[in-house]
2 protein chains.
Amino acid sequence: MNAPASGVRATRQRAAILALLDRTDRFRSAQSIFDELRADGHGIGLTTVYRTLQALVAGEVVDVLRSPAGESLYRRCETEEQHHHLVCRRCGIAAEIPGPVVEAWAREAAAHHGFSELSRTLEVFGLCRLCGTR
Amino acid sequence: MNAPASGVRATRQRAAILALLDRTDRFRSAQSIFDELRADGHGIGLTTVYRTLQALVAGEVVDVLRSPAGESLYRRCETEEQHHHLVCRRCGIAAEIPGPVVEAWAREAAAHHGFSELSRTLEVFGLCRLCGTR
DNA sequence: GTTTGTGCAAATATTTTGCACTTGA
DNA sequence: TCAAGTGCAAAATATTTGCACAAAC
């Protein structure tokens, strides 16, 4: 009657993805993560990259956002608290900006209109100092 | 030497799309707009729906946003001023909420981090009073 | 009559899924 | 052992594009 010890397994692929995410501070697409891992000689499939990222997002280990172009971009969270991102649309570099102000504002607006079960989406895209200069 | 009067042409299809958008207050997908027009007996192609919506967005005649599911949703703007939306994820109904607070906040954060050429994305998804009750 | 719009079919892009095989605990 | 993870190929989804034809001005 032992519980089957269900849980996440420590695989080579998962470790490689986490390691890559840890050494970058940019939002990356699944494809670009896949490409880099392949270039680094890791054997991994694109499907696995997608599935692992999905799991990491569900576990709140990484942040996702959709780029204006419609791609999902992933990055490791720096803070535990809820926050938003200021993302460079050219290089993907991002600053985390705290969100209490917007939070309060959104909650108030929602209450006013009788909305429930909110899920916010606030991402500010722009050009970072470096990319904006070029 | 007359200028070729370049501009948007008043076509049957364009009129049908605008009429539909005028008589609804929900965010609609291109596909659902297409389906309804077809059901109403209008001859129109999905491609045309996409292309027309694109043009209307460019002309700032309609608002677009991406649903959490990754679809583009379209609705006619009610106000000229910049604003955000509180969108029901079930029925697509939406309230427009003014954005000066968030605007100021975003601009400040951007300035602080040296970002330029901003484009905000703030949409709050939730369940409207009706859908939340059911 | 010329330019812009239309619509089909095909292409693209991103992400997901079926399924047989591998691997970690 | 054996449930969980992997990866290929194929499917699914949403949107765009090439091109011949039609419609607007």
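How are α1(A) and α2(A) oriented to each other? They are roughly perpendicular, since angles from 65 to 115 degrees count as such and the two axes cross at roughly 105 degrees. The model is predicted. This briefing covers the build of chain A, three helix pairs, and the protein surfaces around DNA strands C and D.

**Chain A overall**

- Chain A contains five helices and six strands.
- Read from the N terminus, the order of elements in chain A is α-β-α-α-β-β-β-β-α-β-α.
- Along the principal axes, the C-alpha atoms of chain A occupy a box of roughly 60 × 50 × 25 Å.

**Helices α1 and α2 of chain A**

- Helix α1 of chain A spans residues 12–22 and helix α2 of chain A spans residues 30–39.
- The axes of these two helices come within 11 Å.
- On the α1(A) side, the contact is made by A:Ala16, A:Ile17, A:Leu20 and A:Leu21.
- On the α2(A) side, A:Ile33, A:Glu36 and A:Leu37 take part.
- Sorted by class, the contact of α1(A) with α2(A) has six nonpolar residues, no polar residues and one charged residue.
- The charged residue is A:Glu36.

**Helices α2 and α3 of chain B**

- Helix α2 of chain B, residues 30–39, packs on α3(B) at an angle of about 125 degrees, and the axes are 9 Å apart.
- That angle makes α2(B) oblique to α3(B).
- The crossing of α2(B) and α3(B) is right-handed.
- From α2(B), the residues in contact are B:Ala30, B:Gln31, B:Ile33 and B:Phe34.
- These residues meet B:Leu46, B:Val49, B:Tyr50 and B:Leu53 of α3(B).
- The contact of α2(B) with α3(B) comprises seven nonpolar residues and one polar residue, with no charged residues.
- The polar residue is B:Gln31.

**Helix α4 of chain A against helix α4 of chain B**

- Helix α4 covers residues 100–113 in chain A and residues 100–113 in chain B.
- α4(A) and α4(B) pack at an angle of about 170 degrees, with their axes 10 Å apart.
- Angles over 145 degrees count as roughly antiparallel, and α4(A) and α4(B) are therefore roughly antiparallel to each other.
- Their crossing is left-handed.
- A:Val101, A:Val102 and A:Trp105 of α4(A) contact B:Val101, B:Val102 and B:Trp105 of α4(B).
- This contact of α4(A) with α4(B) has six nonpolar residues, no polar residues and no charged residues.

**Surface near DNA strand C**

- DNA strand C is surrounded by 21 residues, and the closest are A:Tyr50, A:Ser72, B:Arg9, B:Thr48 and B:Arg51.
- Of the strand C atoms within 4 Å of the protein, 63% belong to sugar or phosphate, and the rest belong to bases.
- Two base nitrogen contacts involve arginine: a polar side-chain atom of B:Arg51 lies 2.5 Å from a base nitrogen of strand C, and a polar side-chain atom of A:Arg9 lies 3.4 Å from a base nitrogen of strand C.
- An N or O atom in the side chain of A:Thr47 is 3.4 Å from a base oxygen of strand C.
- α3 (46–58) of chain A and α3 (46–58) of chain B each supply at least two residues of this surface.
- The surface near strand C has three nonpolar, 12 polar and six charged residues.

**Surface near DNA strand D**

- There are 23 residues around DNA strand D, and those that come nearest are A:Thr11, A:Thr48, A:Arg51, B:Tyr50 and B:Ser72.
- Sugar and phosphate make up 59% of the strand D atoms that come within 4 Å of the protein.
- A polar side-chain atom of A:Thr11 lies 2.6 Å from a phosphate oxygen of strand D.
- A polar backbone atom of A:Gly43 is 3.4 Å from a phosphate oxygen of strand D.
- For B:Glu71, an N or O atom in the side chain is 3.5 Å from a phosphate oxygen of strand D.
- α3 of chain A and α3 of chain B each supply at least two residues of the surface near strand D.
- By class, the surface near strand D consists of four nonpolar, 13 polar and six charged residues.

Conventions: Residues numbered from 1 in each chain as written. Chains lettered and ligands numbered in written order. Predicted model: local features only at pLDDT ≥ 70, side-chain atom pairs only at ≥ 80, totals over all residues. Heavy atoms only, no water. Near = heavy atom within 4 Å. Polar contact = N/O pair within 3.5 Å; in protein donor to acceptor, adjacent residues only side chain to side chain. Helix = DSSP H or I, 4+ residues; strand = E, 2+ residues; numbered from the N terminus. Axes fitted to C-alpha atoms, helices over the stretch in contact; angles between N-to-C directions. Parallel < 35°, antiparallel > 145°, perpendicular 65-115°, else oblique. Left-handed = near helix turned anticlockwise from the far one by under 90°. Contact = heavy atoms within 4.5 Å.
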